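Reader: I am new to looking at protein structures. Could we go through this one together, step by step?

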Amino acid sequence: MRLNKSLRMAAAVTGLALAATACSGGDAESSGDLSLVADGTLTVCSEVPYAPFEVEDPDAPSGYSGFDIDLMQAIADELELELAVVNATFDSLTSGAAFAADTCDLAATAMTITDERDENIDFSDGYYNAAQSLAVPADSDIAALADVEGNLGVQTGTTGQAYAEENAPEGVTLVEFDSGADLFLALTAGEIVGILQDLPVNVDRAQQNGDIKVVETYETDENYGFAFPEEGAEALQEAVNGALQTLRDNGTYDDIYNEYFEA
């Protein structure tokens with residue numbers, strides 16, 4: 001899923017640092033062998049909304065739900081920690097800026113594991129296999145990427161953007177948006193003729209609203225992982241991987257998966 005320039009990065013780090021200070025007093029605390037932003041709490045950053053992986057949910061303990069968040073809640077329970085969710089920009093997570101500012105312990109935000117991102121952050125074991133897709137308005141005549149003319153929407157810094165850059169027909173203009181939600185707004189407004197992004201996100205929108213349709217799917221062998229700071233989170237990373245394996249072994253992972261993706 002879901003590479004930005006220095007001025008935006010500096011602003012992101014400044015804002016995240018202020019948020020982290022308000023949340024934790026500035027210094028990470030220790031909970032057992034884990035170095036956490038807040039003692040006894042697993043603080044998770046996520047770019048919200050990105051249904052069905054992360055959405056606001058006032059009825060959920062953390063105020064958020066979705067496949068990523070429900071899975072993180074189960075992992076936090078397994079580690080006997082409370083779960084807190086912090087909304088952050090996707091760029092600040094892939095770059096590691098959110099971790100440098102002590103905003104969160106890890107990120108759960110439908111993030112594909114890539115070598116490029118691995119230069120700035122570390123990843124958990126993979127927890128979800130994804131693909132890319134093309135979505136267009138429900139009444140569109142576009143049936144494939146080869147039919148696209150004009151503006152095609154992508155989210156900045158994502159694997160969907162990378163796929164579009166490599167495969168979109170000559171003459172197509174890629175229009176970048178900072179958030180996934182902005183893509184759908186632009187499509188509704190007629191600013192773009194289609195969206196190239198993660199398959200489950202486009203499918204969820206098509207099922208929930210019926211205003212778009214998925215016309216083509218691209219198998220890209222992507223695997224999502226939870227993101228960690230590049231240094232200093234080795235014990236937490238090991239603990240999360242262990243909890244994730246436990247959830248797979250006892251059936252909890254399948255229960256959560258089927259809630260969101262079972263046909």
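Reader: Let me start with one residue: in which loop is Asp-105 found?

Author: Happy to help, and please keep in mind that this is a predicted model. To place Asp-105, look at the elements on either side of Asp-105: one is helix H4 (97-100), and the other is S7. Asp-105 is therefore found in the loop between helix H4 (97-100) and S7.

Reader: Is Asp-105 buried or exposed?

Author: The cut-off to remember is that buried means under 20% relative accessible area. Asp-105 has a relative accessible area of 4%, so the word for Asp-105 is buried.

Reader: How far is the backbone nitrogen of Val-37 from a polar atom of the side chain of Asp-105?

Author: Here one partner is a backbone atom, the nitrogen of Val-37, and the other is a polar atom of the Asp-105 side chain. The distance between these two atoms is 2.7 Å.

Reader: Thanks! What about the whole protein: how many helices and strands does the secondary structure come to?

Author: Let's take the overall picture in pieces. Of the 263 residues in the protein, buried residues make up 49%. The accessible surface comes to about 11900 Å², with 45% of that belonging to carbon and sulfur atoms. As for the secondary structure, the count is nine helices and 14 strands.

Reader: Which side chain does the side chain of Ser-46 make a polar contact with?

Author: Begin with the setting: Ser-46 sits in strand S3 (residues 41-46). With a relative accessible area of 0%, Ser-46 is buried. The side chain of Ser-46 has a polar contact at 3.2 Å, and the partner is the side chain of Glu-54.

Reader: Which peptide bonds are cis, with omega near 5 degrees?

Author: Look at the loop between S3 and strand S4 (55-56), where you will find Pro-49. Pro-52 is found in the loop between S3 and S4 as well. The peptide bonds to these prolines are cis, with omega near 5 degrees: one runs from Val-48 to Pro-49, and another from Ala-51 to Pro-52.

Reader: What is phi of Glu-80 near?

Author: Glu-80 belongs to the loop between helix H2 (67-78) and strand S6 (82-87). Glu-80 is exposed, because its relative accessible area is 74%. Its phi is positive in a residue other than glycine, with a value near 60 degrees.

Reader: And what is phi of Asp-221 near?

Author: Asp-221 is found in strand S13 (residues 212-224). The relative accessible area of Asp-221 is 77%, so Asp-221 is exposed. Phi of Asp-221 is again a positive value in a residue other than glycine, near 55 degrees.

Reader: How far apart in space are Phe-67 and Tyr-260, C-alpha to C-alpha?

Author: Phe-67 lies in helix H2, and at 0% relative accessibility Phe-67 counts as buried. Along the sequence, Phe-67 and Tyr-260 are 193 residues apart. In space, C-alpha to C-alpha, the separation is 6.5 Å.

Reader: How many residues apart in sequence are Gln-132 and Asn-202?

Author: Gln-132 is part of strand S9 (residues 128-137). Gln-132 counts as buried because its relative accessibility is 0%. From Gln-132 to Asn-202 the C-alpha distance is 9.1 Å, while the separation in sequence is 70 residues.

Reader: Which residue forms a salt bridge with Asp-211?

Author: The count comes to one salt bridge. Asp-211 counts as partly exposed, because its relative accessibility is 29%. In its salt bridge the closest N and O atoms are 2.7 Å apart, and the partner of Asp-211 is Arg-205.

Reader: One last thing: which residues form a negative surface patch?

Author: Let's start from one member, Glu-116, in the loop between strand S7 (106-107) and strand S8 (121-123). Glu-116 is partly exposed, so some of its surface is accessible: the relative accessible area is 44%. The negative surface patch is formed by Asp-115, Glu-116, Asp-118, Glu-119, Glu-230, Glu-231 and Glu-234.

Notes:
Residues numbered from 1 in each chain as written. Predicted model: local features only at pLDDT ≥ 70, side-chain atom pairs only at ≥ 80, totals over all residues. Heavy atoms only, no water. Patch = residues over 30% accessible without salt bridge, like charges linked within 9 Å, V, L, I, M, F, W, Y side chains within 5 Å. Areas by Shrake-Rupley, 256 points an atom, 1.4 Å probe, with all protein chains shown as cover. Salt bridge = Lys/Arg side-chain N within 4 Å of Asp/Glu carboxyl O. Lys, Arg positive; Asp, Glu negative; His and termini not counted. Charge placed at Lys NZ, Arg CZ, Asp CG, Glu CD. Helix = DSSP H or I, 4+ residues; strand = E, 2+ residues; numbered from the N terminus. Buried < 20%, exposed > 50% of the residue type's maximum accessible area, 1.4 Å probe, protein only. Polar contact = N/O pair within 3.5 Å; in protein donor to acceptor, adjacent residues only side chain to side chain.
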